[in-house]
Amino acid sequence: METLKINDNVSVSYIPMEKLKTTSVGVYIHRPLDRETATETALLPYVLKSASALCPDRESVARYLDDLYGATMGATVLKRGEDQVIYFDGETISDKFAPEGEKLLSGLLKLVLAAVFDPLVKNGEFDARIVEQEKINAKDRIDAFVNDKRAYASARCQQETARGTKFEIPRYGFKEEIDGITAKSLYEHYRSIITSSVIDIYVCGSGSAEEAAETVRDYVKEMSFMPAEIPFTEIIERGPGELHEVTEHMDVAQGKLAMGFLTGIRPGDDDFFALTVFNSVFGAGAHSKLFNNVREKLSLAYYASSQLEKFKGMVTVNAGIEFDNFQKAYDETIAQLEEIQAGHITEHEFVSSVSAILNLCSSYYDDQRALVSYYVSDKTARTNISLEEFAERIKRVTAEDVVRVSKKLRLDTVYFLAGKEES
């Protein structure tokens with residue numbers, strides 16, 4: 001990966017991937033996750049994508065992309081620890097496959113950069129019609145997330161486990177705040193952050209870092225930037241205390257059990273690699289203990305898995321269960337953790353767990369967005385570990401290492417999404 005600094009805030013990184021016929025562009029604007037600004041920040045990428053000085057409406061954006069042989073551009077908001085990221089994503093045919101030698105990457109990059117640095121502004125505000133439509137869409141996104149009960153329960157458990165930290169703020173912000181946003185207030189928010197944020201621009205595929213950097217320089221040369229850093233996320237290190245139990249009632253046919261464990265392990269710690277393998281053994285895949293015991297052997301859950309939230313040092317377990325199976329599923333989850341802590345890991349479980357992680361790492365070399373996402377996450381976590389080094393560190397993990405780190409887990413939160421309460 002070749003990285004060129006445009007200024008103290010903006011950088012361009014080029015990752016060659018010649019095996020594919022496409023080239024992708026990713027722009028990441030890093031913002032501190034904050035209660036007062038989360039909703040406006042979450043709305044911004046959708047408004048910016050819709051219109052710019054280059055393409056002043058959605059129809060002209062669509063025509064522009066069609067002229068690039070069906071290139072694509074998307075925008076969303078991400079949450080990486082306590083870093084709320086405005087993210088633009090684009091993909092086009094690589095220049096070497098352009099039918100008439102067109103500079104397709106340059107064309108796509110100009111469109112994305114116009115959305116980021118040269119949005120459509122009239123009389124000191126965004127286009128009111130676009131803002132009002134995107135406010136409706138923002139409410140729909142929040143509703144859709146709540147309606148995905150599996151994802152909702154997992155997120156709620158993480159929020160409750162992270163109580164008292166900014167990580168509990170939802171990445172889409174708060175539905176009740178959307179109506180209060182205006183075309184003018186949103187533009188003022190944009191102006192306040194665009195020159196005071198770290199902005200990482202990635203090109204992955206076939207291209208030139210210097211050519212991409214020159215295109216970026218043209219867009220920012222008249223802009224004055226203020227010093228900024230990527231928001232830093234500290235892991236949760238809450239001392240032992242009373243188990244935090246939360247039950248929510250909704251009109252659901254299936255219960256959702258989620259359990260939040262704290263580990264005290266940071267992304268840059270030596271133990272993080274053993275923790276990654278532990279999570280695979282515990283619940284990250286069809287080879288795992290949760291899948292094969294809680295779900296398959298005992299039929300206590302429709303699904304049972306675990307995931308690692310590395311930025312907060314958290315492992316969460318998620319299971320879809322019959323309401324009456326809450327205690328049994330809870331007890332068996334704890335039993336499977338205790339099996340690992342007692343050293344009861346079969347060779348098949350261990351080898352399959354390591355192989356699953358290494359296979360995932362290998363798959364990144366065939367997926368431009370996944371490869372870029374790895375390096376953005378690495379930069380956000382300040383770990384400075386290449387994908388190759390990450391895989392090598394995973395290979396060095398032993399079953400004894402997994403047992404050792406498993407003993408660091410402490411159950412902090414139990415969240416249960418139950419059915420409607422009887423009146």
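Angles over 145 degrees count as roughly antiparallel. That cut-off applies to the first view of this predicted model.

**View 1. Packing of helices α2 and α3.** Helix α2 covers residues 58-67, and helix α3 covers residues 104-117. The two pack at an angle of about 160°. Their axes are 10 Å apart. With that angle over 145 degrees, α2 and α3 are therefore roughly antiparallel to each other. Their crossing is left-handed.

**View 2. Residues where α2 meets α3.** Helix α2 contributes Val-61, Tyr-64 and Leu-65. Facing them from α3 are Gly-107, Leu-108, Lys-110 and Leu-111. By class, five residues of this contact are nonpolar, one is polar and one is charged.

**View 3. Packing of helices α4 and α5.** Helix α4 spans residues 128-147, and helix α5 spans residues 149-161. Here the packing angle is about 90°, and the axes are 5 Å apart. Angles of 65 to 115 degrees count as roughly perpendicular. Helices α4 and α5 are therefore roughly perpendicular to each other. On the α4 side, Phe-145, Val-146 and Asn-147 make the contact. On the α5 side, Lys-149, Ala-151, Tyr-152 and Ala-155 do so. The class count for α4 with α5 is five nonpolar, one polar and one charged.

**View 4. The span annotated as a domain, residues 181-351.** An unreviewed UniProt entry places the feature "domain: Peptidase M16 C-terminal" at these residues. In the predicted model, the end C-alpha atoms of the span lie 52 Å apart. Helix makes up 39% of residues 181-351, and strand makes up 22%.

Terms used. Residues numbered from 1 in each chain as written. Predicted model: local features only at pLDDT ≥ 70, side-chain atom pairs only at ≥ 80, totals over all residues. Heavy atoms only, no water. Axes fitted to C-alpha atoms, helices over the stretch in contact; angles between N-to-C directions. Helix = DSSP H or I, 4+ residues; strand = E, 2+ residues; numbered from the N terminus. Parallel < 35°, antiparallel > 145°, perpendicular 65-115°, else oblique. Left-handed = near helix turned anticlockwise from the far one by under 90°. Contact = heavy atoms within 4.5 Å. Nonpolar A, V, L, I, M, F, W, Y, C, P; charged D, E, K, R; others polar. UniProt positions renumbered as here; feature names shortened; annotations may be inferred.
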